[in-house]
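Student: I'd like to zoom in on one piece of this protein instead of skimming the whole thing. Could you pick a single strand and walk me through its surroundings?

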Amino acid sequence: MDDIDRKLIAALQRDATTAYAALGKEVGLSTGAAHERVRKLRERGVVRRTTVDVDPAALGQGVLAYVMVESSAWMGDSADSFAAIPEIVEAHVIAGSASVLVKVRSATTEQLQDVLRRLYAIDGVSGTQATVVLETFFERPVPAGVTGPGNG
């Protein structure tokens, strides 16, 4: 990845509907060259998908919680079980006192409680610790300008 790729990613993160002509102009490329660069970023898996950022509260999903899932067994093979619970919007195998961290969006705390019940139905789950978010200061995408090993 070079600086042009990083600028393209930053522009797409601001507005994924930006036309290739505008992207090219912003980074100093022709429309065709910008399109080709974005195509290659998709092929390499750098750009995984194009999406819309929707306000969860506007869709009736105003309760946000992070749940630490404790287990009596290795949970690394349980991705499908977590994915089967639609209120879980993220799930991560973690190091520490818990095995999995999940991000849950629900309409009510009663619905959150139901999600916790369904978590206990997953083979190996032995406990949960839920933290309900009262206010979100901000959420941001991965900054495209950050470099690390293998990034430039």
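Tutor: Here's a close look at strand β3, followed by some context from the rest of the chain.

Keep in mind that this is a predicted model. Strand β3 covers residues 100-106, and six of those seven residues are buried, so to speak of it as mostly covered is fair by the cut-off of under 20% relative accessible area.

Who are the neighbours in the sheet? β3 pairs with two strands, β1 and β2. Take β1 to begin with: that's residues 63-71, running antiparallel to β3, with seven bridges joining the pair. If you want a spot to click on, try Ala65, which stands opposite Val104 of β3.

Now for β2, residues 88-93. This pairing is antiparallel as well, over five bridges. Here a handy marker is Val93, whose bridge partner in β3 is Val100. β2 and β3 make up a hairpin, with six residues between the two strands. Within that turn, look at Gly96: its phi is positive, about 130°. While you're viewing the sheet, remember that side chains in a regular strand alternate between the two faces.

Stepping back, β3 belongs to a protein with five helices and four strands. Read from the N terminus, the order is α-α-α-β-α-β-β-α-β. The radius of gyration is 20 Å, well over the 15 Å that the globule rule gives for 152 residues, so the protein is more spread out than a compact globule. Along the principal axes, the C-alpha trace spans about 55 × 35 × 25 Å. Set β3's burial beside the overall figure: 28% of the 152 residues count as buried. As for contacts with a separation of 6 or more, 66% come from residues 24 or more positions apart.

For a helix to set beside the strand, go to α1, residues 3-14. Its 12 residues should span 16 Å at 1.5 Å a residue, and the end C-alpha atoms sit 17 Å apart, which agrees. At the start of α1, a side-chain oxygen of Asp2 comes within 3.1 Å of the backbone nitrogen of Ile4. The buried residues of this helix are Asp5, Arg6, Leu8, Ile9, Ala11 and Leu12. Their cover includes α2 (20-27) and α3 (31-43). A rule to try on that list: an α-helix has 3.6 residues a turn, so residues three or four places apart point the same way.

How values were computed:
Residues numbered from 1 in each chain as written. Predicted model: local features only at pLDDT ≥ 70, side-chain atom pairs only at ≥ 80, totals over all residues. Heavy atoms only, no water. Buried < 20%, exposed > 50% of the residue type's maximum accessible area, 1.4 Å probe, protein only. Pairing = 2+ DSSP bridges. Expected span 1.5 Å × (residues − 1). Contact = heavy atoms within 4.5 Å. Polar contact = N/O pair within 3.5 Å; in protein donor to acceptor, adjacent residues only side chain to side chain. Rg over C-alpha atoms; globule rule 2.2 N^0.38 Å.
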